[in-house]
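This report describes selected helices and sheets of one model. Look at the structure first, then read on.

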Amino acid sequence: MAYDKFDVLTSRVVPLSSENVDTDQIIPARFLKATERKGFGDNLFRDWRYDKEGNPKPDFVLNDPTYSGKILLAGKNFGSGSSREHAVWAIYDYGFRCVVSSFFADIFKNNCLNIGVLPVTISPEFAEELFTAVEANPEAEIEVDINKQTITLLSTGKSESFDINSYKKQNMKNGFDDIDYLLNLKEEIVAFEAKR
Amino acid sequence: MEKKSLFDKIWDAHVIQSIPSGPDVFFIDKHFIHEVTSPVAFLNLEKRGNKVMFPERTIATPDHNVPTVDQDKTIKDQLSRMQVEKLRENCKKHGIDLHDLGTDHHGIVHVIGPELGITQPGMTIVCGDSHTSTHGAFGTIAFGIGTSEVEMVFATQCIMQAKPKKMRITIDGELGKGVTSKDIILYIIAQISASGGTGYFIEYAGSAIRSLSMEARMTICNMSIEMGARGGLIAPDETTFEYLKGKQYSPKGEEWDKAVAHWKTLQTDEGATFDVEYHYDAADIEPMITYGTNPGMGVKVRGNIPTTDGMNESENKSYIKSLDYMGFQPGEAMEGKKIDYVFVGSCTNGRIEDLRSVAEFVKGKQKADNITAWIVPGSREVEKMAIEEGIVQILEDAGFKLRQPGCSACLAMNDDKIPSGKYAVSTSNRNFEGRQGPGSRTLLASPLTVAAVAITGMITDPRDIIEELVQEK
């Protein structure tokens with residue numbers, strides 16, 4: 001479904017440096033029982049965020065008031081495992097619009113692009129630099145510009161460019177999804193199917 | 001002529017349009033759906049006023065959250081019941097075949113597809129489930145998709161996909177006794193890591209792969225996603241054709257001969273190139289088990305947990321966090337660790353061959369007192385065969401509890417949860433934190449290793465027991 005257009009995002013950052021964060025951590029399976037896309041943000045990182053009694057765990061970054069923002073800075077191999085789009089719904093619903101990592105799992109990255117969360121892949125060195133900068137100054141801001149395809153640490157001006165294919169870029173900028181495109185190909189699809 | 005890989009041949013035959021510097025419009029032959037990742041797709045489809053374009057190309061079954069006891073009764077968990085009822089309602093409304101609870105072909109979606117002969121060589125198959133890669137065992141391009149893409153397939157039978165890069169993993173030689181296809185795939189993932197396949201589609205080749213049954217091939221392709229690969233496939237051969245012959249949806253008569261003639265062309269051309277190639281010797285592979293919280297953290301059952309030597313700070317931090325969760329120390333031996341639960345089942349190892357191998361192993365023995373042993377067949381068909389072959393009796397005599405088909409404790413969406421802090425050796429596919437229930441600790445292994453653990457109550461190499469048996473004889 002349509003989502004907010006992505007243009008230039010300037011925001012503080014929530015750092016989560018753990019590597020290999022799988023989608024079972026982002027949203028555990030027992031919270032996938034909804035039949036509508038509603039309220040998934042409440043269960044984002046559920047078992048890292050809350051204890052068994054439902055009390056917030058103070059050492060988890062989402063419970064640390066020092067950090068906030070619309071950008072999630074994540075460790076290597078973020079979003080591995082299950083194809084559940086619910087993981088990205090939870091990230092979006094919580095308020096993130098962009099996830100930055102040196103390495104994303106494939107299906108997760110696709111799911112992000114399909115619902116309007118921008119996955120930004122940066123070099124491991126720049127990722128390290130961003131983690132250090134945000135740790136030193138939690139108010140440090142990052143600018144993500146989809147037009148120029150750049151990500152910049154505003155305090156130092158250090159910048160890196162990132163890849164996104166031109167088709168997905170247009171979609172993100174306009175808040176379109178693939179169905180709009182595919183429906184225009186209906187005749188070609190019907191003809192293709194008839195030959196199979 | 002251009003040399004093509006099997007993957008290229010199938011992919012290229014399904015591209016309706018290529019967008020310059022963008023994805024391909026990719027046609028999907030078969031679409032499997034289940035109760036968890038489909039309801040929002042149906043909802044959005046209707047919101048936009050679209051219809052399911054080719055309902056006969058979609059097949060449904062409830063598997064992820066269903067109870068594995070009392071399936072003939074109303075589902076107690078309200079949210080699970082609502083999802084299953086929603087699936088029924090949506091299938092009825094949109095004219096989609098549903099293999100419902102209690103019917104002859106109910107089961108885990110990746111078990112029933114092949115069982116019914118719906119999965120056939122050369123096809124493209126998707127499902128809102130990452131273990132869709134299972135179907136690659138038949139020489140298909142099969143992979144998991146998100147719910148937005150499920151909606152795309154409903155509305156247009158297509159998705160937009162950039163073509164992945166190609167990897168070939170060749171395993172030659174003979175597997176040792178007590179070593180199974182689960183050990184092969186756990187070995188590969190331990191070698192190339194849980195992210196080593198990201199961005200690739202894998203072809204598995206070599207004499208060790210060729211020698212495997214269809215069930216064993218499915219186990220390997222199933223776990224392709226656990227190294228980050230979108231999927232993995234194996235070229236079809238006589239083993240494939242033999243498996244498919246006579247299945248409900250397999251072609252019949254002349255159509256069968258035509259299909260087989262076509263399927264035989266589905267091979268990687270001599271001289272075709274891959275972006276990455278790996279070669280392994282089957283003789284180097286031993287029974288494997290995982291010790292950490294991603295499937296790449298695996299060692300030989302007879303091995304030790306790796307130390308932190310050579311890790312950088314960030315790797316070290318994640319590694320120790322993972323071992324802390326498991327309650328293990330770097331350098332410890334795996335053998336002899338006490339276990340609480342064993343689980344045989346899932347789309348990875350819930351097929352009849354898996355149950356047969358466990359039954360053969362535990363026949364005449366008793367499970368250890370400290371072990372709770374769950375066996376969950378992948379489908380009703382598997383359950384029926386297990387009863388007819390006397391497997392269920394053997395397992396029950398040994399103290400295993402047989403449950404009804406479903407995904408069950410693999411992801412613990414239903415009540416089949418491993419309690420917090422307890423250790424489970426499991427034939428499933430993921431050892432993530434809390435995967436089998438909040439706080440649960442999962443060790444992945446083959447059905448044979450699980451059987452050995454069930455008997456001794458601790459981590460045991462199945463070859464120890466096989467050797468004992470040989471000596472007794």
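In which hand does H6(B) pass H8(B)? The crossing is right-handed. The model is a predicted one, and the two helices lie in chain B: H6 covers residues 181-192 and H8 covers residues 214-222. Their axes come within 8 Å and cross at roughly 20 degrees. Angles under 35 degrees count as roughly parallel, and H6(B) and H8(B) are therefore roughly parallel to each other.

On the H6(B) side, the contact is made by B:Ser181, B:Lys182, B:Ile184 and B:Ile185. H8(B) contributes B:Ala216, B:Arg217, B:Thr219 and B:Ile220. Sorted by class, this contact has 4 nonpolar, 2 polar and 2 charged residues.

**Two open sheets**

Strands of a sheet pair through backbone hydrogen bonds, either parallel or antiparallel. One sheet in chain A and one in chain B are set out below.

| Chain | Strand order | Pairing | Edge strands | Average twist between strands |
|---|---|---|---|---|
| A | E2-E3-E4-E5 | parallel | E2 (13-16), E5 (118-121) | 20 degrees |
| B | E11-E10-E9-E12 | parallel | E11 (231-233), E12 (276-281) | 20 degrees |

The chain A sheet is open and has 4 strands. Its edge strands, E2 and E5 of chain A, each have a single partner strand, so one side of each is left without a neighbour in the sheet. Within this sheet, strand E3 (residues 71-74) of chain A runs parallel to strand E4 (residues 98-101) of chain A, and 3 bridges join them. One residue pair can be located in the view: A:Leu73 has A:Val100 in E4(A) as its bridge partner.

The chain B sheet is also open, with 4 strands. Its edge strands, E11 and E12 of chain B, each pair on one side only. Strand E10 (residues 200-205) of chain B pairs with E11(B) in the parallel sense over 3 bridges. Opposite B:Leu233 in E11(B) stands B:Glu203.

**A covered helix**

How many of the 10 residues of helix H16 of chain B are buried? The count is 9, and the helix, which spans residues 447-456, is mostly covered. A residue is called buried here if 20 or more other C-beta atoms lie within 10 Å of its own. The buried residues of H16(B) are B:Pro447, B:Leu448, B:Thr449, B:Val450, B:Ala451, B:Ala452, B:Val453, B:Ala454 and B:Ile455. Just after H16(B) comes B:Gly457, with a positive phi of about 80 degrees.

Note on methods: Residues numbered from 1 in each chain as written. Chains lettered and ligands numbered in written order. Predicted model: local features only at pLDDT ≥ 70, side-chain atom pairs only at ≥ 80, totals over all residues. Axes fitted to C-alpha atoms, helices over the stretch in contact; angles between N-to-C directions. Parallel < 35°, antiparallel > 145°, perpendicular 65-115°, else oblique. Left-handed = near helix turned anticlockwise from the far one by under 90°. Contact = placed C-beta atoms within 7 Å. Nonpolar A, V, L, I, M, F, W, Y, C, P; charged D, E, K, R; others polar. Pairing = 2+ DSSP bridges. Buried ≥ 20, exposed ≤ 12 C-beta atoms within 10 Å, placed from the backbone.
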